[in-house]
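Biologist: Please show me the structure, and then I will ask about its fold and its charged pairs.

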Amino acid sequence: MARQFFVGGNFKMNGTIKSIQEIIRNLNDAKLDPKTEVVIAPPALYLLTAREALRQGIEVAAQNVFDKPNGAFTGEISAEQLKDSGVTWTLTGHSERRVILAEGDEFIARKTKAALDGGLGVVLCVGETLEQREDNKTIEVVTRQLKAVAEQTKDWSKVVVAYEPVWAIGTGKVASSEQAQEVHAEIRKWLSSTISKEASENTRIIYGGSVSEKNCRDLAQQADIDGFLVGGASLKPAFVDIINAKA
């Protein structure tokens, strides 16, 4: 069975009530490819606004989740609270959190498990820095990040893996279609050998890193690229073109 194309929009720390309502209006009115699963991740303050305003068929993701169900954890949000609010997905492992907030592989793995146990789908972000790529350590880094999660959970049915080379995020630089496909194929191979053949065949592996309406169609043609995690472009009308990259 073919893997359903998946496009996520990570708004990061951008937007106001007015601008996010405008983005949602645009999505609600647009003709979107019905074969593509669409999820948007606004800042936490606007998750409920987004969920209430979005039409059926478009889901909402948190940008972060904590690894505990409740308690004295100031500023954090649990999987249970997200689910209670109609939020069905969360991101984990984004490089900005790995780098700026020093989140390690094991902590990200625990958060991923907590989200899955809480009934959420997870967009698990992995990727290498420019220095790591130039040292030919891309696969080593990415599989290390994945291995930490594999040690916490063997059920990957609700995991979408987002390969995001750190050097391509927000820089305007994009991994070539061939570079992205090469890493995606290695991730799929790793899933087969470490998790299961079924996980390898069914897990969607999406690409992130300066995806735009200009490069999305070429990337979407690659055998192991099952969609995109879109940053800055998800705030623009061109996001619709990216959603429809396979149409």
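What follows is a set of questions and answers on this predicted model.

Biologist: How many strands form the closed barrel, and in what order do they run?

Modeller: The strands pair in the parallel sense and the barrel closes. Neighbouring strands of this sheet are turned by 25° against each other on average, with direction ignored. The barrel has eight strands, in the order 1-2-3-4-5-6-7-8.

Biologist: Which residue in strand 8 is the bridge partner of phenylalanine 6?

Modeller: Strand 1 covers residues 6-10 and pairs with strand 8 in the parallel sense over four bridges. Strand 8 covers residues 227-230. The partner of phenylalanine 6 there is glycine 227.

Biologist: On the other side of the pairing, which residue of strand 2 stands opposite phenylalanine 6?

Modeller: Strands 1 and 2 run parallel and are joined by five bridges. Between them the chain passes through helix 1 (residues 17-29), in a β-α-β crossover that is right-handed. Opposite phenylalanine 6 in strand 2 stands glutamate 37.

Biologist: Is strand 2 largely enclosed or open, and how many of its residues are buried?

Modeller: In a regular strand the side chains alternate between the two faces of the sheet. In strand 2, Glu37, Val39 and Ala41 point one way and Val38 and Ile40 the other, and all are buried. Strand 2 (residues 37-41) is therefore largely enclosed by the rest of the structure, the buried count being five of five.

Biologist: Which residue in strand 3 is the bridge partner of valine 38?

Modeller: Strand 2 and strand 3 (residues 58-62) run parallel and share three bridges. Together with helix 2 (residues 47-53), these strands make a right-handed β-α-β unit. The partner of valine 38 in strand 3 is isoleucine 58.

Biologist: Further along, which residue in strand 5 stands opposite threonine 92?

Modeller: Strand 4 (residues 89-92) and strand 5 (residues 121-126) run parallel, joined by four bridges. Opposite threonine 92 in strand 5 is leucine 124.

Biologist: In strand 8, which residue is the bridge partner of tyrosine 207?

Modeller: Strand 7 (residues 204-208) pairs with strand 8 in the parallel sense, over two bridges. Strand 8 is covered on both faces, with Gly227 and Leu229 buried on one side and Phe228 and Val230 buried on the other. The partner of tyrosine 207 is phenylalanine 228.

Biologist: Arginine 204 forms a salt bridge with which residue, and how far apart are the closest N and O atoms?

Modeller: Side chains of opposite charge can pair when their charged atoms come close. Both arginine 204 and glutamate 37 are buried. The pair links strand 7 to strand 2, across 167 residues of the chain. The partner is glutamate 37, and the closest N and O atoms are 2.7 Å apart.

Biologist: Which residues are linked with Arg3 in a network of salt bridges?

Modeller: The side chains of arginine 3 and aspartate 226 meet in a salt bridge of 3.0 Å, N to O. This pair links distant parts of the chain, 223 residues apart: arginine 3 lies in the segment before strand 1, and aspartate 226 in the loop between helix 10 (216-220) and strand 8. Arginine 3 is partly exposed at 26% relative accessible area, whereas aspartate 226 is buried at 6%. The residues linked with Arg3 in the network are Arg188, Asp224 and Asp226.

Biologist: Is arginine 97 buried or partly exposed?

Modeller: Arginine 97 forms a salt bridge with glutamate 103, with 2.9 Å between the closest N and O atoms. Glutamate 103 has a relative accessible area of 8%, so it counts as buried. The cut-off for buried is under 20%. Arginine 97 has 22% relative accessibility and therefore counts as partly exposed.

Biologist: Which residues make the nonpolar surface patch of about 330 Å²?

Modeller: One member of the patch is Leu101. Leucine 101 is found in the loop between helix 4 (95-100) and helix 5 (105-117). The patch is made by Val99, Ile100 and Leu101.

Biologist: How far apart in space are tyrosine 163 and valine 123, C-alpha to C-alpha?

Modeller: Tyrosine 163 belongs to strand 6 (residues 159-163). Its relative accessibility is 0%, so tyrosine 163 counts as buried. Tyrosine 163 and valine 123 are 40 residues apart in sequence, and their C-alpha distance is 10.0 Å.

How values were computed
Residues are numbered from 1 along each chain as its sequence is written. This is a predicted model: local features need pLDDT of at least 70, side-chain atom pairs count only at pLDDT 80 or more; totals for chains, interfaces and linings use all residues. Side-chain values use heavy atoms; hydrogens and water are left out. Patches are made of residues with over 30% relative accessible area and no salt bridge: like charges are joined within 9 Å, nonpolar side chains (Val, Leu, Ile, Met, Phe, Trp, Tyr) within 5 Å. Accessible areas come from the Shrake-Rupley method with a 1.4 Å probe; for residues, only the protein chains shown count as cover. A salt bridge is a side-chain nitrogen of Lys or Arg within 4 Å of a carboxyl oxygen of Asp or Glu. Buried means under 20% relative accessible area, exposed over 50%, partly exposed in between (1.4 Å probe, protein chains only). Two strands pair if DSSP finds at least two bridges between them. A crossover is right-handed if, with the strands pointing away from the viewer, the path from the first strand over the helix to the second runs clockwise. Axes are lines fitted to C-alpha atoms, for helices over the stretch in contact, and angles run from 0 to 180 degrees between N-to-C directions.
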